[in-house]
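Visitor: I have a few questions about this model. Could you show it first?

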Amino acid sequence: MSTNENGEQKPRVPVLEGWFTHTDDKPHLLGTQCKGCGTYYFPKQTSYCKNPACDSEHFEVVELSRTGKVWSFTNACYQPPEPFVSPDPFVPYTIAAVELEKEKMIVLGQVISGVDVSDLKAGMEMELVLDTLFEDASSQKITWKWQPVANAQNSKGAKP
Ligand SMILES: [Zn+2]
């Protein structure tokens, strides 16, 4: 499944380049922070600050907190809009809105497989992991997902 026709491990390639770090087992989402007012943005904001009280056009790319608390969650039974990439055919999954530990901003993400809405509750601690979204003939496409911290303590969690 994860090997190519020659039996070699397929390379892991981010579905979206520049949206997250993927060089170790502690992935971070990459956002930007306004140098004027300190507001964090994800996805990255680089042209102008959305804060009406701020006229800065300078942003710094930052690694965002990789932990946070569940704010809301739902079953995604529809294909998400661009730029989110979905497996084809589409498989329904659980999606969580997580408030990042430090930035207090809400980041949506798919929840790792095996966790459904009945396993989640508001305020639950989550951490960012990388997981295969789908694969084609040459590579595995990886993206970020949310994993309950309790799951990570009980098992190895999603495979790095
Ligand atoms: Zn600003």
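Visitor: What share of the contacts with a separation of 6 or more comes from residues 24 or more positions apart?
Guide: This is a predicted model. Two residues count as in contact when their C-beta atoms lie within 7 Å. Among contacts with a separation of 6 or more, those between residues 24 or more positions apart account for 54%.

Visitor: How many helices and strands are there, and in what pattern?
Guide: The protein has 1 helix and 9 strands. Read along the sequence, the pattern is β-β-β-β-β-β-β-β-β-α.

Visitor: What is the radius of gyration, against the globule rule?
Guide: The C-alpha trace spans about 55 × 35 × 30 Å along its principal axes. For 160 residues the globule rule gives 15 Å. The protein comes close to that, so it is as compact as a globular protein of that length; its radius of gyration is 17 Å.

Visitor: How many residues are in the largest nonpolar core, and which strands each supply at least two of them?
Guide: The largest nonpolar core has 19 residues. Leu29, Ala96, Val98, Val111, Leu128, Trp144 and Trp146 have the most contacts inside this core. At least two core residues come from each of β6 (93-100), β7 (106-111), β8 (125-135) and β9 (140-148).

Visitor: From which domains does this core draw at least three residues each?
Guide: The core draws on both sides of a domain assignment. At least three residues come from each of domain 1 (17-64) and domain 2 (65-152).

Visitor: Which residues does Val98 contact, leaving aside neighbours within four places in sequence?
Guide: Val98 is one of the core residues with the most contacts inside the core. Beyond those neighbours, its contacts are Gly68, Lys69, Val70, Trp71, Ile106, Val107, Gly109, Met126 and Trp146.

Key. Residues numbered from 1 in each chain as written. Predicted model: local features only at pLDDT ≥ 70, side-chain atom pairs only at ≥ 80, totals over all residues. Core = buried A, V, L, I, M, F, W, Y, C linked by C-beta atoms within 7 Å. Buried ≥ 20, exposed ≤ 12 C-beta atoms within 10 Å, placed from the backbone. Helix = DSSP H or I, 4+ residues; strand = E, 2+ residues; numbered from the N terminus. Domains from an automatic or database assignment. Rg over C-alpha atoms; globule rule 2.2 N^0.38 Å.
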